[in-house]
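Dear colleague,

Please find below the structure that I am handing over to you. My findings follow directly after it, and I would be grateful if you read them with the structure open.

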Amino acid sequence: VLAGPAAQPQANASQRGLTPPQRRGHLPSPSWLGLGVAGRGAGGAQKGPRRPHEQRLLLLLRSYLPTPRAVTIWVPQPVPGDRVFGNRALGSSWLGGERRSPLQKLYDLDQDPRSTLAEVHRQRRDLLSSACSRHTRRQRLLQPEDLRHVLVDDAHGLLYCYVPKVACTNWKRVLLALSGQTRGDPRAIPAHEAHAPGRLPSLADFSPAEINRRLRAYLAFLFVREPFERLASAYRNKLARPYSAAFQRRYGTRIVQRLRPRALPDARARGHDVRFTEFLAYLLDPRTRRDEPFNEHWERAHALCHPCRLRYDIVGKFETLAEDAAFVLGLAGAPGLSFPGPPRPRGAAASRDLAVRLFRDISPFYQRRLFDLYKMDFLLFNYSTPSYLRLH
């Protein structure tokens, strides 16, 4: 689906120095952005108005490809009293041309053959785009709530899709520091404050027109991690640690009651001793996703951030966290802000050791089923099949 008047020719790889409006075409006219807008049929003929439950918004798919593409997102009729930020001004001075945006800086770096990190991220973008083309089929329409994980920094022109267990607490701390809500070292911000609802606006909080403007003009980034190492970290942090009592009561009790027939009353009531094998069986049980969506800590990264529907300019990785974070902060104009380092110097190695130890006792049959469940994350983000798995 092309977004009508918004479907302007976009720049190819030789034009990456252009500003975002030039590269992505002009903003759609108001008639194409408002609720109740009609679609276009064959030959561009205008159809009649849609009923409220059928109203849709065309959001441009952010792309470097010469052929413009668009993604359709279903937008429900606003309910009086809903929290909508549609009238909030984009308070970034770079939108008025006063300074260069992070997106413009990235395109300038793309033209500089000496910029090794820019080349690394260009290759990651290309690999992601290629994997999306090969492995994704017809996808459902996105709804505004699907953008809940995309956080917004209007002052610096940033969109960050957070993936739990991939340094998202520290990224939220950094965004709070960038926004001026806190002063000093981001590491001094308590984790519960970083995760407090409402501290950082989400893309889902804005009106459809404002969502579209930000998707077109802001630098979008996410950070990913080897899927099974992320899964092992989620298990240890949320189900195996004594300080996770609330999480254990919500999910641990459910796992024990469903998968441990002769569980002791204490385990059934507290859910404090869930075994890794039980956790994996819970993930593979069809009833789990039928009853409710996966918790964000073990939901697949592609299901949280929709990288085949939204264009990400930077795909950072947990394995190269320090370098990638510094690159993003440099683009944002905050090179003096230090990204909090991992608490343990052997972060990446310790993460892999934990996964190796936990998956050692999982049968090849269940390893294969679990790999199939998380396969898209491996494919989209260019992770090899872990050597410790026995899939054949």
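Asp154 sits in the loop that links strand E3 (150-153) to strand E4 (158-161). Please bear in mind that this is a predicted model. Is Asp154 buried or exposed? Its relative accessibility is 12%, and residues under 20% count as buried, so Asp154 is classed as buried. The side chain of Asp154 also forms a polar contact with the side chain of Tyr218, at 2.5 Å.

A second aspartate, Asp112, lies in the loop between H3 and helix H4 (116-135). Asp112 has a relative accessibility of 22% and therefore counts as partly exposed, since that class lies between the buried limit of 20% and the exposed limit of 50%. A polar atom of the Asp112 side chain is 2.9 Å from the backbone nitrogen of Arg114.

Helix H3 (residues 102-110), which precedes that loop, packs against helix H14 (residues 321-331). The angle between the two is about 115°, and their axes are 8 Å apart. Which residues of H3 and H14 meet? On the H3 side they are Pro102, Lys105, Leu106 and Leu109, and on the H14 side Phe327, Gly330 and Leu331. Sorted by class, this contact comprises five nonpolar residues, one polar residue and one charged residue. As background, an α-helix has 3.6 residues a turn, so residues three or four places apart point the same way.

Helix H8 (residues 227-239) deserves a separate look. With 13 residues at 1.5 Å a residue, H8 should span 18 Å, and this agrees with its end C-alpha atoms, which are 18 Å apart. Why can H8 be described as largely enclosed by the rest of the structure? The reason is that 12 of its 13 residues are buried. Among them are Phe228, Leu231, Tyr235 and Leu239, but also Glu229, Arg230 and Lys238. At the N-terminal end of H8, Glu226 acts as a cap, with a side-chain oxygen 3.2 Å from the backbone nitrogen of Phe228.

Finally, some values for the whole protein. The chain folds into 17 helices and six strands. Of its 392 residues, 52% count as buried. The accessible surface comes to about 19,000 Å², and carbon and sulfur atoms account for 53% of it. Among contacts between residues at least 6 apart in sequence, 71% join residues at least 24 apart.

Yours sincerely

Definitions and conventions
Residues are numbered from 1 along each chain as its sequence is written. This is a predicted model: local features need pLDDT of at least 70, side-chain atom pairs count only at pLDDT 80 or more; totals for chains, interfaces and linings use all residues. Side-chain values use heavy atoms; hydrogens and water are left out. Helices (H or I, at least four residues) and strands (E, at least two) are DSSP runs, numbered from the N terminus. Buried means under 20% relative accessible area, exposed over 50%, partly exposed in between (1.4 Å probe, protein chains only). Contact means heavy atoms within 4.5 Å. Accessible areas come from the Shrake-Rupley method with a 1.4 Å probe; for residues, only the protein chains shown count as cover. Axes are lines fitted to C-alpha atoms, for helices over the stretch in contact, and angles run from 0 to 180 degrees between N-to-C directions. Ala, Val, Leu, Ile, Met, Phe, Trp, Tyr, Cys and Pro count as nonpolar, Asp, Glu, Lys and Arg as charged, and the others, Gly among them, as polar. The expected span of a helix is 1.5 Å times one less than its number of residues. A polar contact is a pair of N or O atoms within 3.5 Å; within protein, one must be able to donate a hydrogen and the other to accept it, and residues adjacent in sequence count only if both atoms are side-chain atoms.
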